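This briefing concerns the single structure displayed here. It covers overall architecture, the two sheets, aromatic contacts and one loop residue in turn.

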Amino acid sequence: MSRVYIACLLCWWTGCAYATVNPGHRGLRFDPHAGGLHARVLQPGIYNLGWCVLRDCGRIDDFDVTYSTHRELVHTVSSEGLSMDVHVAVIYRPVISELYDLANEIGPSYYEEVIGPEFRSSSRGVFARHSYQELMVKNEKIEDEIEAEVRRRTGGKHVEVGSITIEGVDYAPEIANAVRQKLVSEQDALRQKAAIEAEALRKRTQIET
């Protein structure tokens with residue numbers, strides 16, 4: 001077997017490039033010699049990129065199409081103007097049938113470019129319409145308001161918002177102290193009321209006997 005033949009054989013074996021699209025992902029083929037980015041969405045599998053010796057055979061752009069969760073700490077104010085930090089989570093993913101448009105119009109950093117800014121802005125706007133007492137507990141109504149606003153703002157951006165969750169609220173120290181004092185006062189009032197009712201019941205029992 002001649003050296004030239006061996007060299008050609010090695011070239012043939014190493015000249016073809018392959019790319020893998022994993023389960024839960026989709027791909028878009030970019031071929032600089034055939035029109036650039038192709039619109040067809042590639043399913044999970046192994047794809048031959050072609051002969052890559054002395055030429056750029058392109059690539060496959062990978063997109064995770066499973067639902068992802070991103071958490072944000074939103075600095076906001078309540079309807080009373082009280083400052084607070086709210087821990088909020090958004091579940092999202094790209095629209096599979098619109099990956100080509102997403103790649104062309106926004107790119108792979110679509111959370112940073114679209115979802116994140118709209119998510120933070122929507123959260124602040126909704127929180128400003130509610131009192132801090134409403135935000136003290138996990139409130140599904142407020143979550144639904146934020147979700148509807150984020151979906152409205154991201155409409156036509158080739159992304160899907162699954163849900164919004166309020167995970168916690170951090171209040172300024174003076175607000176936290178005021179809330180604690182209010183709760184203590186309410187508990188003292190309940191104890192005093194219970195003691196008065198118990199004493200009244202005891203006196204009635206003595207009279208009746």
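Two strands count as paired if DSSP finds at least two bridges between them. Strand 6 and strand 7, which run antiparallel, are joined by ten bridges. The model under discussion is predicted. The chain contains six helices and eight strands, and 32% of its 209 residues are buried.

**Overall architecture**

- Along the sequence, the secondary-structure elements follow the pattern α-β-β-β-β-β-β-β-α-α-α-α-β-α.
- Of the contacts between residues at least 6 apart in sequence, 66% join residues at least 24 apart.
- The chain has an accessible surface of about 12,900 Å², and carbon and sulfur atoms account for 54% of that area.

**The sheet of strands 6, 7 and 8**

- These three strands make up an open sheet in the order 6-7-8, with antiparallel pairing.
- Its edges are strand 6 (68-77) and strand 8 (159-171), each of which pairs on one side only.
- Neighbouring strands in this sheet are turned against each other by 25 degrees on average, direction ignored.
- Two cross-strand positions can be named where strand 7 is the partner: H75 stands opposite D85, and E72 stands opposite V88.
- The hairpin of strand 6 and strand 7 has five residues between the strands, and G81 in this hairpin takes a positive phi near 85 degrees.
- Helix 3 lies across strand 6, strand 7 and strand 8; the angle that helix 3 makes with strand 6 is about 40 degrees.

**Aromatic contacts between strand 7 and helix 3**

- Ring centres must lie within 6.5 Å for a pair to be counted, and by this rule the count comes to two aromatic pairs.
- Y92 and Y110 form an edge-to-face pair, with 6.2 Å from centre to centre and 80 degrees between the planes.
- Y92 belongs to strand 7 (residues 83-94) and Y110 to helix 3 (residues 110-127), so this pair ties together parts that are 18 residues apart in sequence.
- The rings of Y92 and Y111 have centres 5.1 Å apart and planes at 35 degrees, so this pair is tilted.
- With Y92 in strand 7 and Y111 in helix 3, the tilted pair ties together parts that are 19 residues apart in sequence.
- Ring pairs thus link Y92, Y110 and Y111 into a cluster.
- Are these three tyrosines buried or exposed? Y92 is buried at 8% relative accessibility, Y110 is buried with a relative accessible area of 11%, and Y111 is buried at 6%.

**The sheet of strands 3, 2 and 5**

- A further open sheet of three strands has the order 3-2-5, and its pairing is antiparallel.
- Strand 3 (36-42) and strand 5 (59-64) are the edge strands, and each pairs on one side only.
- The twist from one strand to the next averages 25 degrees.
- Strand 2 (residues 25-31) and strand 5 run antiparallel and are joined by six bridges.
- Within this sheet, F30 stands opposite R59 in strand 5.
- The side chains of this residue pair also meet: R59 lies over the face of F30, at 4.2 Å from the ring centre.

**H158 and its surroundings**

- H158 lies in the loop between helix 5 (140-153) and strand 8.
- H158 counts as buried because its relative accessibility is 9%, and the cut-off for burial is under 20%.
- Which residues does H158 touch, not counting those up to four places away in sequence? The contacts of H158 are P94, V95, E98, D101, L102 and E105.
- For H158 and E105, the C-alpha atoms are separated by 9.3 Å, although the two residues are 53 residues apart along the chain.

Notes: Residues are numbered from 1 along each chain as its sequence is written. This is a predicted model: local features need pLDDT of at least 70, side-chain atom pairs count only at pLDDT 80 or more; totals for chains, interfaces and linings use all residues. Side-chain values use heavy atoms; hydrogens and water are left out. Rings of Phe, Tyr and Trp (its six-membered ring) pair if their centres lie within 6.5 Å; planes under 30 degrees apart count as stacked, over 60 as edge-to-face and the rest as tilted. Helices (H or I, at least four residues) and strands (E, at least two) are DSSP runs, numbered from the N terminus. Buried means under 20% relative accessible area, exposed over 50%, partly exposed in between (1.4 Å probe, protein chains only). A charge sits over a ring if NZ of Lys or CZ of Arg is within 6 Å of the ring centre and within 35 degrees of the ring normal. Contact means heavy atoms within 4.5 Å. Accessible areas come from the Shrake-Rupley method with a 1.4 Å probe; for residues, only the protein chains shown count as cover. Axes are lines fitted to C-alpha atoms, for helices over the stretch in contact, and angles run from 0 to 180 degrees between N-to-C directions.
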